[in-house]
Amino acid sequence: MLIYDELHTDHLKVLGLIDELLDLPDDSDEEYRSNLIRDIRDELIPHARAEERILYNAIRRQREAPPGMIRSAFEDHFEAETHLRKLQLVDKVNGNWRDVAERLRDALAHHIREEETQVFPVAMDLFSESEANRMGREFAELKDEVREEGFMKTTLDMVGNVLRP
Ligand SMILES: [Fe+2]
Ligand SMILES: [Fe+2]
């Protein structure tokens, strides 16, 4: 599958999970809610790490890539993950999870829109269809690896991705 289709499928999935969370009543079952938040994390983090490595760093290796575009995407990932960690925390201490979930949704929706309308066209210009297919395969494999590794080292991996290539 082309990497753009892999990424788009994930985007819909993570936004769908956040909508599911926002549809819950304020007095929803705590365990159900925190499982849903964990599902959001399990979608979001492996997606972001694999996307940085496979898509963004491939773009960065090309001279023609607009440098501000990549930086802004990495900042968006960092921002979304900050909202996500806060969401996990306020949920545990019984704070206002809805406000944080809404901020996470807004930040992600904005990022995904930019990614699909600005980053995808740049990548489509740079890479052939067979390259985009190979990247799709590598993206799916790396996502599974990140999931298996667990999330302890993901912040370090993010720093590594920012520094690369
Ligand atoms: Fe993405
Ligand atoms: Fe992204």
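## Close-up views of a predicted two-iron helical model

**View 1. Four side chains hold the iron ion (ligand 1).** The protein donors of the iron ion (ligand 1) are His 11 (NE2), His 47 (NE2), Glu 51 (OE) and Glu 115 (OE). They lie 2.1 to 2.3 Å from the metal in this predicted model. Angles among the 4 donor atoms run from 84 to 167°. The site of the iron ion (ligand 1) is irregular. Along the chain, the donor residues of this ion are spaced H-x35-H-x3-E-x63-E. His 47 belongs to helix H2 (residues 30-60) and Glu 115 to helix H4 (residues 97-126), so this pair ties together parts 68 residues apart in sequence. His 47 counts as buried, at 7% relative accessibility. Glu 115 is buried as well, at 1%.

**View 2. Four side chains hold the iron ion (ligand 2).** Here the protein donors are Glu 51 (OE), His 77 (NE2), His 111 (NE2) and Glu 115 (OE). Their distances from the iron ion (ligand 2) are 2.1 to 2.2 Å. The 4 donor atoms subtend angles of 82 to 166°, so the arrangement is irregular. Tetrahedral would require every angle to lie between 85 and 135 degrees. The sequence spacing of these donors is E-x25-H-x33-H-x3-E. Glu 51 in helix H2 and His 77 in helix H3 link distant parts of the chain, 26 residues apart. His 77 counts as buried, with 6% relative accessibility.

**View 3. Glu 51 bridges the two iron ions.** Which residue bridges the iron ion (ligand 1) and the iron ion (ligand 2)? Glu 51 does, and the two ions lie 3.1 Å apart. Glu 51 is a donor to the iron ion (ligand 1) through OE, and is also listed with OE among the donors of the iron ion (ligand 2). Is Glu 51 buried or exposed? Its relative accessible area is 0%, so Glu 51 is buried. Glu 115 likewise appears among the donors of the iron ion (ligand 1) and among those of the iron ion (ligand 2).

**View 4. A cavity is lined by residues from four helices.** The structure holds 1 cavity of 30 Å³ or more. The volume of the largest cavity is about 140 Å³. Its lining has 15 residues, and the closest to its centre are Leu 44, His 47, Ala 48, Leu 108 and His 111. Two of these names recur from the metal sites: His 47 is a donor to the iron ion (ligand 1), and His 111 is a donor to the iron ion (ligand 2). H1, H2, helix H3 (67-92) and H4 each supply at least two lining residues. H2 gives the largest share, 5 residues. By class, the lining has 6 nonpolar, 4 polar and 5 charged residues.

**View 5. Asp 23 and Ser 28 sit in the loop between H1 and H2.** Asp 23 is found in this loop, and so is Ser 28. Asp 23 is exposed, with a relative accessible area of 68%. Ser 28 is buried, at 13%. Beyond residues up to four places away in sequence, Ser 28 touches Arg 33 and Trp 97. Asp 23 and Arg 98 are 75 residues apart in sequence, with 9.7 Å between their C-alpha atoms.

**View 6. Tyr 32 contacts Glu 20 and Leu 24.** Tyr 32 lies in helix H2. Its relative accessible area is 45%, which makes Tyr 32 partly exposed. Leaving aside neighbours within four places in sequence, Tyr 32 is in contact with Glu 20 and Leu 24. How far apart in space are Tyr 32 and Glu 51, C-alpha to C-alpha? The separation is 29 Å, for residues 19 apart in sequence.

**View 7. Arg 134 is placed in helix H5.** Helix H5 covers residues 129-149 and includes Arg 134. Arg 134 is partly exposed, with a relative accessible area of 35%. The C-alpha atoms of Arg 134 and Asp 144 are separated by 16 Å. Along the chain, Arg 134 and Asp 144 are 10 residues apart.

Key:
Residues are numbered from 1 along each chain as its sequence is written. Chains are lettered from A and ligands numbered from 1 in the order in which they are written. This is a predicted model: local features need pLDDT of at least 70, side-chain atom pairs count only at pLDDT 80 or more; totals for chains, interfaces and linings use all residues. Side-chain values use heavy atoms; hydrogens and water are left out. Donors are N, O and S atoms within 2.8 Å of the metal (3.2 Å for Na, K and Ca); water is not among the atoms, so sites may look incomplete. Four donors count as tetrahedral if all angles lie between 85 and 135 degrees; four count as square planar and six as octahedral if opposite donors are over 155 degrees apart and all others between 65 and 115; anything else is irregular. Helices (H or I, at least four residues) and strands (E, at least two) are DSSP runs, numbered from the N terminus. Buried means under 20% relative accessible area, exposed over 50%, partly exposed in between (1.4 Å probe, protein chains only). Contact means heavy atoms within 4.5 Å. On a 1 Å grid over the protein atoms alone, a cavity is a set of points where a 1.4 Å probe fits but cannot get out, and a pocket is an open set with protein on both sides within 12 Å along at least five of seven lines; lining residues have an atom within 4 Å of a point. Grid points are joined across faces, edges and corners, and a volume is the space filled by probe spheres set on the points. Ala, Val, Leu, Ile, Met, Phe, Trp, Tyr, Cys and Pro count as nonpolar, Asp, Glu, Lys and Arg as charged, and the others, Gly among them, as polar.
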